[in-house]
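User: Please take a close look at one part of this model, the packing of its helices, and add the surroundings of single residues where they help. Give the cut-offs for the terms you use.

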Amino acid sequence: MTAVSAERDSARQEIPDQLRGDVRLLGGMLGTVLAESGGADLLDDVERLRRAVIGARDGSVDGAEITELVASWPLERAKQVARAFTVYFHLANLAEEHQRIRALRERDDADNPPRESLAAAVRAIRADAGEDALREMVAAMEFHPVLTAHPTEARRRAVSTSILRISGQLEKLHAAHPGSTAEAETRRRLLEEIDLLWRTSQLRYTKLDPLDEVRTALAAFDETIFQVVPQIYRSLDAALDPEGTGREPARAPAFVRYGSWIGGDRDGNPFVTHDITREAIAIQSEHVLRALENACGRIARTLTAYGNLTPASPDLRDHLAAAEAGYPRIMAEIAKRSPNEPHRQALLFATERLRATRERNADLAYPNPEAFLADLRTVQDSLARAGAVRQANGELQHLVWQAETFGFHLAELEVRQHSAVHAQALAELRAGEEPSERTREVLATLRVIAWIQERFGVDACRRYIVSFTRSAEDVAAVYELADRAMPGGRAPVLDVIPLFETGADLEASPRVLDGMLELPEMARRLEQTGRRMEVMLGYSDSAKDVGPVSATLRLYDAQAQLADWAERNDVRLTLFHGRGGSLGRGGGPASRALLAQAPGSVAGRFKVTEQGEVIFARYGQRAIAHRHIEQVGHAILMAGTEQVQERARAASAKHRGLADRIAEAAHRAYRELIDTEGFAEWFSRVSPLEELGELRLGSRPSRRGAARGLEDLRAIPWVFAWTQTRVNLPGWYGLGTGLAAVEDVEALHTAYTEWPLFSSLLDNAEMSLAKTDRAIAERYLALGGRPELTELVLAEYDRTRDLVLKVTGHKRLLENRRVLSRAVDLRNPYVDALSHLQLRALEALRGDEARDLSEEDQRHLERLLLLTVNGVAAGLQNTG
C-alpha cells in the first residue's frame, strides 16, 4: 500500500458514522437519478472514472489509462460525466455542512464553553484582567463585515436554492422516525430534489448585473443574518451576566455592523452607475424594513400582557395618547384587537409605522431608525417598571438589537472608485472643459450619496474608498469633487478612505496619512467623529504584486506602522482588511488571522470584506454563521489582551530578522517567475484564464483595462485560474526558496511555534499545498510549451512542500488539522476526475489542431471546460 492510499484509508476510517451515512445516501440517490436520466451506461461511465482516479492515487492505475478513458467518450458524454461529479460535490459539501452543524451542537455546553467562543473570551479576560477591563473591552468591540460582489461564487443562484431545498429535506430525514410514513415521504422528496438539481443547468446563460448581485447577497440576510445577529448578542450577554440575562437590561452591545460594496463598488466596473447605487440602497431598505416589520408584528401579537396586571408607564400612556390623537382610525382598530393591552398596542402601532416607512407613506412613516428605537425603549421601560422584566429584556431586546445593527438601510453602502478617475475628472473641471461621460457619472454618484443620506441617514452611505491611493491629493480630490457636485455647502458627509494595495503603497501609507491630517475636510471629520479614521489594506493585489510571503510581512509591517502612527497622532484608527476568500488573496480562518495581527493594530475593531463564495460558506446556515461571528468576536476580544499582544511583540522582535531573510529570497524567486519574458502568454495557455469570463460569475470585468498583461489582470481570475490547474501557486510560491535561505530548520521551527504570524503563514501555505496535485499540475503546465517554466514551478513546489513539513514537524500535510485533512484527502480523487476532463478540453483548445475544430466541437469543448471549472470550484471549495 502506498503512503497516499494509506492516508486515504486513514481519512476514510475517521469519517463520523452520520457523515458517512449522509454521503452514501446522497451519492446513492444521485446514482439512481443518473441511471434514470442517462441510462445504466452513464452510471457505469461515472463509476469507471471514479474507480480509475482512486486507483491512480494508490498507484494501481496509470494516469495514461485515465486520459485514454476520458478521450474515448463523445463530448456529450464527457459533459454528462462532468456534471455528475459536480453535482456529487454539491451533495458532499452539503453532507459536510450538516456534520459541522451536528458537531457544533454537540460541543455546545454552557458550563464549558467551546474554544474560540465569546463565552470563552469573557471567561479568560475576566480571570486575567478583571471585571472593569472586561467591561471596557466589550463596550469598545466592533465587527464590521462588508459584503462584496467580487465574482468568486461559481454556483448559479438556482443551484444554490436547489441545494438549500435538499438541505431542508435532509434535515427532515434526520428528524423522522425510522420506518415511518414521514421518513418514506421525505426520502421521496429528497430524491425528487436531487433529480431537479441534476436537471438544473450548472452554468449561467446570462451575465449577472449589479442588482442581481444585490438580491443574491440579500438572500443571506433574509435566511440567516437577521436572525443570527441577536442570538450572538444574547450569547455574549449570557456570558457577561449568566443569572441576569433576560431579566436585567442587556449588557451586550450591538457590536456588529454590516457594510456592502454591492452596487457601490465602481472601480473598473462600468455597469455600476449612480442609478444602480440608488436602486441598491432601496432594495436593501425594502428587505430590512420588511424584516423589522415582521419581527415587530410577531412580538406584538404575542405580547398579550393585560393592562391591570402590567400597567403602562406614564411615558407609554402619553405615547399612546399622542398616537390616538394623530391617527384615531388606526389606533381605534388596534384597540379593538387588543383591548386593555397597552404594550401590545404600542408595538402594533410601531408595526404600522414600519409598514408606512417601507411604503413611503410620509405622514405615518418613521423619520429614522432612532425614532423607532425610542418607541421600543419606551415599551421596554414600561414593562420593566410594571415588573415584567422578562418581557422587557427577552424577545423585545432582540428586536432592539436588530434595529441597532441594521437601521433602516440594512448595511452601509460604500462607494469605491479608482484614484485615476478622480484625477481625470478634476482636470476636466478645473480646465473648464465639457465634462466627459465618466466625469458626469462621478458627480452624479456624489449627488446620489447626498440623496441617500437625506433619505436614510448619514450612516447609510458615507464611506468613499479610493483605490490605488498614492498621496493625500487623491483623498482631497474626492472632497473637491463633492463640493463641485453639490456647491453651496450641500455636499454629503464623507469619510474618504485610502486603499493601499501594492507593496510600495503599503510602505508609503504613513506618509500619505500625514498629508491627510493637513486637509481641512479631514480635520473637520476627525473633530466630528472623536478622531476616528479608517484605512483599507488590499491583500489581493499586494500578493499578486510581490508574492504571498512578502505580502504577508509587508501587510504586517504596514499595520504596525499605522498603529504607531495612530498613537502618535491621537487617532482611533480602524484597519479595513480587503481579504479574499482564497488563501492566495489573504483568505483563511478570519479568527486566526486576527490573532496574528501586529500588536495594537486591532484595538477592538475589525473590519473585513466577505466576498463571493465566502458569503454563503459563512452565512448559508444559521449554526455556521453563528459560529463564524462568535469566533471573530472571540478573536477581537483576545487580540486586545496584553498577554496576546506581548506574545506577538516578543516573537516579532526575536524572529523578524529570520523572516526578512525568508521574504527577500521568496520575493526574488516570485519575481523571477512572473517577470520571465512571455510569462503572461504562458499562463493563459496552461490555464482556463481566458475562458473564466464565460462563466458569468459577476458583473465586473476580469481586467481593469484593455491591456492583456498581468498588471491589469485582477487578483480574482489570477487565483481562480491557478486553482483550476491544481497548482494553487499564489498560496505558496517562493516560500520554499525563502525557507531554504535560512538553512537552520530548528530556528524556523521555533519561529513557527512562537510567532502567530509565521505559523499562520505556514499553515495557510500547507493548506494550499494539500490542494495541489503535482502529477495533474504537470500536465497543465506542459500545455504552455515552456519546459523551463514547468521545471521552475514544480521544483519550487517540491522545495516548499519538503521544507514546510520539516519546519512544522508534520509527517504529512495538514497532519494537525484532521477534519480539513479528511475532507481534502477524500475529495482530491473526485477533483482529479474533473481535472482529467478539463485537460481533455484544454488540450484540444490549445493544441495545434485547434484551428481545425468544427464550430460544433469548439462549442462542446468550451462547454465541457466551463462545466469542469464549475465542478473543480465546488470540489475544492475555492474559486478566487
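Analyst: Two helix pairs come below, followed by two single residues. This is a predicted model, in which local features need pLDDT of at least 70 and side-chain atom pairs count only at pLDDT 80 or more, while totals for chains, interfaces and linings use all residues. Residues are numbered from 1 along each chain as its sequence is written, and side-chain values use heavy atoms, with hydrogens and water left out.

Helices here are DSSP runs (H or I, at least four residues), numbered from the N terminus. Axes are lines fitted to C-alpha atoms over the stretch in contact, and angles run from 0 to 180 degrees between N-to-C directions.

Helix α31 (residues 745-754) packs on helix α34 (residues 787-808) at an angle of about 70°, and their axes are 8 Å apart. The two, α31 and α34, are therefore roughly perpendicular (65 to 115 degrees; angles under 35 count as roughly parallel, over 145 as roughly antiparallel and the rest as oblique). The crossing of α31 past α34 is right-handed, that is, the near helix is turned clockwise from the far one by less than a right angle. On the α31 side, Val745, Leu748, His749 and Tyr752 make the contact, and α34 supplies Lys806, Val807 and Thr808 (contact means heavy atoms within 4.5 Å). By class, the residues of this contact of α31 with α34 are four nonpolar, two polar and one charged. Ala, Val, Leu, Ile, Met, Phe, Trp, Tyr, Cys and Pro count as nonpolar, Asp, Glu, Lys and Arg as charged, and the others, Gly among them, as polar.

For helix α5 (residues 118-129) and helix α26 (residues 622-639), the axes come within 8 Å and cross at roughly 20°. Helices α5 and α26 are therefore roughly parallel, and their crossing is right-handed. Leu118, Ala119, Ala120, Ala121, Ala124 and Ile125 of α5 meet Glu630, Gly633, His634, Leu637 and Met638 of α26. The contact of α5 with α26 divides into eight nonpolar, two polar and one charged residue.

Thr737 belongs to helix α30 (residues 735-740). With a relative accessible area of 22%, Thr737 is partly exposed (buried means under 20%, exposed over 50%, partly exposed in between; 1.4 Å probe, protein chains only). Beyond its neighbours within four places in sequence, Thr737 contacts Ala665, Ala669, Glu796 and Arg799.

Glu341 sits in the loop between α12 (328-337) and α13 (342-358). Glu341 counts as buried, at 13% relative accessibility. Residues up to four places away in sequence aside, Glu341 touches Thr304 and Ala305.
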